[in-house]
Amino acid sequence: MVDDSAVVRQVMTSILSPIRGMTVATAADPLIAMDKMKRVRPDVILLDLEMPRMDGLTFLRKIMAEDPIPVVICSGLAGPGTEAGLRALEEGAVEIVTKPRLGVKGFLEESASILVDAVRAAAHARLRPPRRWPPRSSSPPPGRHAVSPASERPALLLTTDKVVAIGASTGGTEALREMLEALPPDAPGVVIVQHMPEVFTRAFADRLDRICWVEVKEAADGDRVLEGRALIAPGNRHLRLRRSGAHYTVEVGDGPPVCRHRPSVDVLFRSVAEAAGPNAVGVILTGMGDDGAQGLLEMRRRGAATLAQDEETCVVFGMPKEAIAAGAVDEVLPLSRIATAMLERAARKGPPRIRGRA
């Protein structure tokens, strides 16, 4: 645990040390950490981003260049910490755990299960070489508007026969980036749950929107699921698909965590099974735990096509493994082939539907 706050180091140690199989060492800054790491190489590093002498991002880059070790970022909820946290994921960190500016002790104690799960997931992670995002830009990719903006399309064309639902956790940010970058502007509507703290999901969606052909946005209650649009569940809120006449919309709401998560992949997949049935494609990507396995099984039972990322390309082969074991998956594929397979299955003709004007 590398953090300049003595309170954070104390609380983290009190949470993690009692866990069977975990031993915790602490350092007040990266230089102290590097000295300790010469004697004992850690399995996981919990890393703050704002520290004296050397900031967390610089330390992360050094780790990934010299001796890659799974890193979980402990970052502030808002402001510069949000962008820095996403940069850390880009640089090779596998997970983000948030902490507020005030009330850190109580917040971390309440979030103990999230912290423990993040460390366990990191300990099982297969690290991939960092892949840099393009420079920040406010413009969409060239040719993105070859498909008319949604507001200009005739009402009849606003309906979508197919919906793609995707669930991901540890390692999912880079997996989603690879998948969404591969989608054409007329791809079917996509709804996504990525386990990620609140505030970060909007920044993550905005970063994807700048590099993808499809529109990517953090979902808001009542948003339409449209061709050429991907909606990402807001952190700490469940996302559900709803049928409204000939249209699909999303519902964003509260509720208890499901499979220890909010948003939960199971919650999304079950709503897709009910609202879209055989007109859906379900995809489960890298992540720790079993969130999404039962929901994907319900989708498959309702006639949806279902895909899972294979072990070789997963950062953590947990969620896909559980879904496969549950009998929820039609086909297991490497990440590089999932976008194409998803589009092929979405293009298959489903049962007839009544289409109408808004």
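**Figure 1. Lining of the largest pocket.** Helix 6 provides the largest share of the lining of the largest pocket, namely 6 residues. The model shown here and in the following views is predicted. The volume of this largest pocket is about 780 Å³. Its lining comprises 31 residues, of which Ile114, His195, Arg260, His261 and Arg262 are the closest to the pocket centre. Two or more lining residues are given by strand 3 (95-99) and by helix 6 (112-123). By class, the lining of the largest pocket consists of 13 nonpolar, 10 polar and 8 charged residues.

**Figure 2. The second largest pocket.** The second largest pocket holds about 640 Å³ of space. Among the 23 residues lining this pocket, Thr23, Val24, Pro42, Asp43 and Val44 are the closest to its centre. Helix 2 (30-37), strand 1 (45-48) and helix 6 each contribute at least two residues to the lining of the second largest pocket. The class division of this lining is 16 nonpolar, 3 polar and 4 charged residues.

**Figure 3. The open sheet of 3 strands.** In this sheet, 3 strands are arranged in the order 1-2-3 with parallel pairing. Strand 1 and strand 3 occupy the edges and each has a single partner strand, so one side of each has no neighbour in the sheet. On average, and with direction ignored, neighbouring strands of this sheet are turned by 30° against each other. The parallel pairing of strand 2 (residues 71-76) with strand 3 extends over 5 bridges. Within strand 3, Val97 is the bridge partner of Cys74.

**Figure 4. The open sheet of 7 strands.** The 7 strands of this open sheet follow the order 6-7-5-4-10-11-12, and their pairing is parallel. The edges are formed by strand 6 (215-218) and strand 12 (331-333); each has a single partner strand, so one side of each is left without a neighbour in the sheet. From one strand to the next, the twist averages 20°.

**Figure 5. Pairing of strand 4 with strand 10, and helices on the sheet.** Strand 4 (residues 163-168) pairs with strand 10 (residues 280-284) in the parallel sense, over 5 bridges. In strand 10, Ala280 is the residue that stands opposite Val163. Helix 10 lies across strand 4, strand 10 and strand 11 (305-309), and runs at about 155° to strand 10. Helix 12 (residues 335-347) also packs on the sheet, where strand 4, strand 10, strand 11 and strand 12 are touched by this helix. The direction of helix 12 makes about 175° with that of strand 11.

**Figure 6. Packing of helix 9 against helix 10.** Helix 9 (residues 265-276) packs with helix 10 (residues 293-301) at an angle of about 10°, and the axes of the two helices are 7 Å apart. Angles under 35 degrees count as roughly parallel, and helix 9 is therefore roughly parallel to helix 10. From helix 9, the contact is made by Asp266, Phe269, Arg270, Val272 and Ala273. From helix 10, Ala293, Gln294, Gly295, Leu296, Glu298 and Met299 take part in the contact. The residues of this contact comprise 6 nonpolar, 2 polar and 3 charged.

Note on methods
Residues are numbered from 1 along each chain as its sequence is written. This is a predicted model: local features need pLDDT of at least 70, side-chain atom pairs count only at pLDDT 80 or more; totals for chains, interfaces and linings use all residues. Side-chain values use heavy atoms; hydrogens and water are left out. Axes are lines fitted to C-alpha atoms, for helices over the stretch in contact, and angles run from 0 to 180 degrees between N-to-C directions. Helices (H or I, at least four residues) and strands (E, at least two) are DSSP runs, numbered from the N terminus. Angles under 35 degrees count as roughly parallel, over 145 as roughly antiparallel, 65 to 115 as roughly perpendicular and the rest as oblique. Contact means heavy atoms within 4.5 Å. Ala, Val, Leu, Ile, Met, Phe, Trp, Tyr, Cys and Pro count as nonpolar, Asp, Glu, Lys and Arg as charged, and the others, Gly among them, as polar. On a 1 Å grid over the protein atoms alone, a cavity is a set of points where a 1.4 Å probe fits but cannot get out, and a pocket is an open set with protein on both sides within 12 Å along at least five of seven lines; lining residues have an atom within 4 Å of a point. Grid points are joined across faces, edges and corners, and a volume is the space filled by probe spheres set on the points. Two strands pair if DSSP finds at least two bridges between them.
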